Amino acid sequence: MTANRLTRRAVLSAGAAAALATIGAPVILHAQTATLKITTWGGKWGDIMKAELLPAFEKEFKCTVSADQAFPFVPKLQASPKSNPVYDVLHTNSNEQWSSLDLGLVEARLDHKKIPNLADVYPYAISDKIVGVSIFTSAIGLGYRTDKGLKKPTSWKDFADPALAGMRGGYIIPVNSLGQCHLMMLGKIYGKGFTDLDAAYKALEALKPIKLVDFTGQMEKMLLAGEVNMGVIHDSGVLRYEGQNQPIDFAIPSEGVMALEQVLNVTPGSKVKELAYAYIDYMLRPDVQKKLAETVWYSPSNKKVKLAPKYDARLFNTEAKVAQLIQPDWKWYNARKDEIDTRVTRLLKG
Amino acid sequence: MASLADALPATRLTPRPRRPAVSPIAWLVGPALLLFVIFFVLPFAVMAVLSLLSGNPAQNPNVYLTSRHYVRFAGDDLYWDALWSTLRIGIVTTLASLLVGYPLAHWMARMKSRLGHALLLMAVIAPMLTGIVVRTFAWMTILQDKGVINTTLIGLGLIEKPLPLMYNEFGTVVALVHIYVPFMVLTLTGVIGRIDERLEQAARNLGASRLRAFAEVTLPLSLPGIFAGSLLVFALSISAYVTPFLMGGTNVLTLPMLIYQQVSSSFNLGFAGALGVILLAVSLLVVIAYNHVLARFSGPEGLT
Amino acid sequence: MSARSVDAGRLAYYALNGAIIAFLLAPIAIVAVFALNPTPYISFPPVGVTGRWFVKFFATDDFMVALWLSLRVAVVVLLLSMLIGGACALALARGRLPGARFLTAFFMSPLMLPAILTGLALFQVFQLAELDRPVWGLIVGHTLVAVPYVLRTTLAVLANFDTRVEEAAASLGASPMRVFVEVTLPLIRPGVIAGGIFAFIVSFDQFPISLFLVPPKGETLPVVLFNYMKFDLDGAIAAASMVSILLALSVVLLLERVIGLKAYVKL
């Protein structure tokens, strides 16, 4: 009897313990490995992130990283509750960070003490034109075919050459920040400055007929296929074909190039802020920066990065070269976006 | 269509009046209703509410009621033009799909050989499986200035400058028809296949030409399929945005394109929601009117 | 048909159908060329033949995982929407429901709303319910846009359907259940199956709704391909497209062998 009861009690308590352990295990597991929710690009960038950089981060910081590559990021963040955001770190281009700030989706200012590597970045990466920190930039200039007897463009005005009618490529301005940059540049070249919209509209109209695309990958394809002979594009989109015997090249107009920044920022409602900051710091490490820069031809914002010669020759990685980058005033632009979108759509239609 | 479905056999074949009592079969609507109410009406209601608010309450508690998104739509003829383009492209695409789809559906329905039928089925279904974006890129390759058609025609010396096949409404409609014609074909095939071929044969035996036998027997009997297929294609083409976006260039602007812009780059869910409500309301009106006309048209006299 | 001599009308009929088939298949031919062409962009005329894009497609884990997920989701959506849509069509056509006409239009509405809004709206509701992005949510989203197809195709078949057959069976003493299983079901089957094929394809190719409803590492093939394409617009996309065509076609042909698509022609 006694033995029997003991046994039963033993079995019961063992069972209870087992049950508790089963229920508790995920909690304990959860406590041990926090999850950092981030957004990141696809393509070669995504490949190297998923294959090397994120696993290394997970190992070092004993966490799991959930990296969303499916656009559009900001609407998803917008649709999730502020107290429980769908991302901890938002990676977008600079213009979207400004919109996110307006919507209260990202921090207005990063805590610099938590990102030691910020000490080594070029000033543009944390300038007042940036919300968050720019970890890389590429340069928006002109891509052109080298086999069509075209002179290498030296000015943004070369894009208006009548010989390029119907063979020049731009972007659908409402949805693409390169198109928006180009519009501001037109104001600068043909008018009183980046904010001279009237001059910009007039200059844009003069560029008709022009083929418009919605993302840079498509512009690359149009250049490669000869559907356009010259197009507005960022250096990365042309340089990544280096060594593949493609008759295309990238030109830096004398008036300067616009910066297309890769910006990271933390969401205010993030429950793993320390980890979020650690991730941003990690992305600024020289070895991480070098790896990504040499994969996708983005210019690293950490001054200490030493690139291999062929990248060093073309990317913006010295004080002198960085000085050529013009940072758009996205706060100004976004405030007028609706008006500009309507105007530009009307202007280009028909 | 429902009215057609239940009115037709009842009135055409049995002259007694419709019984008003709801049949137990009606309960079968339950699962669909449940699915739609929870996962469509509810989320869409959230959208519709957002379209009347000044901001997103999930992010910002200080929002107030406003009609400004609707006022914005009403006050700019660009948006009215977009609505009209959307409907026009929808109607043209539907008619073209019917013209392209009917002969194929007829052939498929009358195909006796099992292998022939399987091959045809594959040819019809394959375009649907290409993937919307890849398929649109393929059309771009065919229609663009340096595309297959223009390169060939220029190579043959038939034209000097590329024909404007793309970056306009024409290119948009061609690509849309290609995408949606399979829906038309498969819907029609099901209906044509059920029409007794002997009816047509009988008409011909009575001296009708093949065309007349078709026009007076097969065509009227396939009307339910025509209506069902047209409605599908219309609904699909007014909500398409990838294709007009890539094929239309700067010359085409539809409501779905505007919605896409508002969601993905202006982050204005309120205005996107308002555009969605307007598009859905207009198209539901079109569909209900269409069903209404249809019910009359296919009454006792309509089909016999 | 075969015994008769080929006349001008018949010739025109086949010529017309041939042209239509050419129209349907031309873009696929282009995709095939793109998949085999070594240049990293779509170009015409092609410059050579390579298998490297297919190798790249099959060697990329992301593509394989996504392909498998897409197939499984599409099969579940196929079954669910056949059940829900078929039942709904019967109810609307036979239930003598008040407002059936309005309901029919209502059930079409997910097709008329740009799917990006439907996806975003569903995502928002899931987020508010703190559900994040479960795979059943994705299936629900796909089913929502798949049911209207089954509904339409089944209603179309029901419209030509003579109720007297059922009445005859009932008057011969068959129970309502037996009438349903032995008369009604076989009669609506072609419509339900045609709709099921649509459902499978619509789910397998669904992009805007999935865009919002897939979690990281749980992306369907169209989403993975779209993300890939934003950065690398190379032949791997075309190879993926060709593989999808072959795979989905085999599923459809399998369906035909198992349930007999020919049924709706032969009925």
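## Domains of chain C

Domain bounds come from an automatic or database domain assignment. On that basis, chain C of this predicted model splits into domain 1, residues 1-50, and domain 2, residues 52-266. Taken over C-alpha atoms, the centres of domain 1 and domain 2 of chain C are 28 Å apart.

The two domains of chain C touch through 9 residues of domain 1 and 11 residues of domain 2. On the domain 1 side of this contact in chain C, 7 residues are nonpolar and 2 are polar, with no charged residue.

## Fold and extent of chain C

Chain C contains 12 helices and 0 strands. Its elements, read from the N terminus on, therefore follow the order α-α-α-α-α-α-α-α-α-α-α-α, with helices and strands taken as DSSP runs. The C-alpha trace of chain C spans about 70 × 65 × 30 Å along its principal axes.

## Chain C against chain B

Between chains C and B, 94 residues of chain C are in contact with 96 residues of chain B. Helix α1 of chain C, residues 8-36, provides the largest share of the side of chain C that touches chain B, with 14 residues. By class, that side of chain C has 71 nonpolar, 14 polar and 9 charged residues.

One helix pair between these chains can be described in detail. Helix α2 of chain B (residues 30-50) and helix α5 of chain C (residues 115-128) have axes that come within 8 Å and cross at roughly 90°. The crossing angle therefore makes α2(B) roughly perpendicular to α5(C), a term that covers angles of 65 to 115 degrees. From α2(B), the contact uses B:Phe39, B:Leu42, B:Pro43, B:Phe44, B:Val46 and B:Met47. From α5(C), the residues are C:Leu117, C:Ala121, C:Leu122, C:Gln124 and C:Val125. Of the residues in this contact of α2(B) with α5(C), 10 are nonpolar and 1 is polar, and no charged residue takes part.

## Chain C against chain A

Chain C also meets chain A: 22 residues of chain C are in contact with 24 residues of chain A. Three helices of chain C, namely α5, α9 (208-213) and α10 (221-231), each supply at least two residues of the side that touches chain A. The largest share of that side, 6 residues, belongs to α10(C). The side of chain C that touches chain A is made up of 14 nonpolar, 4 polar and 4 charged residues.

## Annotated spans of chain B

An unreviewed UniProt entry lists residues 25-53, 82-105, 117-138, 170-192, 213-235, 241-260 and 267-290 of chain B under "transmembrane region". Two of these spans are described here. Residues 170-192 of chain B are 100% helix and 0% strand, and their end C-alpha atoms lie 30 Å apart. Residues 267-290 of chain B are 92% helix and 0% strand, with 35 Å between the end C-alpha atoms.

## Domains of chain A

Chain A is assigned two domains, and each is written as two segments: domain 1 covers 34-137 + 261-317, and domain 2 covers 138-259 + 331-348. The centres of these domains of chain A, taken over C-alpha atoms, are separated by 26 Å.

Where the domains of chain A touch, 14 residues of domain 1 are in contact with 11 residues of domain 2. Helix α4 of chain A (residues 94-102) contributes 4 residues, the largest share of the domain 1 side. That side of domain 1 of chain A holds 6 nonpolar, 5 polar and 3 charged residues.

## Confidence in chains A and B

Chain A has an average pLDDT of 90, and 91% of its residues score at least 70. Over residues 1-6 of chain A, pLDDT stays under 50, and the model has 0 contacts beyond four places in sequence for them. Residues 18-30 of chain A also have a pLDDT below 50, with 0 contacts in the model beyond near neighbours in sequence.

For chain B the mean pLDDT is 83, and 90% of its residues reach 70 or more. In chain B, pLDDT stays under 50 over residues 1-16, a stretch with 42 contacts beyond four places in sequence in the model. Residues 299-304 of chain B likewise stay under a pLDDT of 50 and have 9 contacts beyond four places in sequence. Where pLDDT is low, the predicted coordinates should not be read in detail.

How values were computed
Residues are numbered from 1 along each chain as its sequence is written. Chains are lettered from A and ligands numbered from 1 in the order in which they are written. This is a predicted model: local features need pLDDT of at least 70, side-chain atom pairs count only at pLDDT 80 or more; totals for chains, interfaces and linings use all residues. Axes are lines fitted to C-alpha atoms, for helices over the stretch in contact, and angles run from 0 to 180 degrees between N-to-C directions. Angles under 35 degrees count as roughly parallel, over 145 as roughly antiparallel, 65 to 115 as roughly perpendicular and the rest as oblique. Two residues are in contact if their C-beta atoms, placed from the backbone, lie within 7 Å. Ala, Val, Leu, Ile, Met, Phe, Trp, Tyr, Cys and Pro count as nonpolar, Asp, Glu, Lys and Arg as charged, and the others, Gly among them, as polar. pLDDT is the predictor's confidence in each residue, from 0 to 100. UniProt positions are given in the numbering used here, feature names are shortened, and annotations may be inferred rather than shown by experiment.
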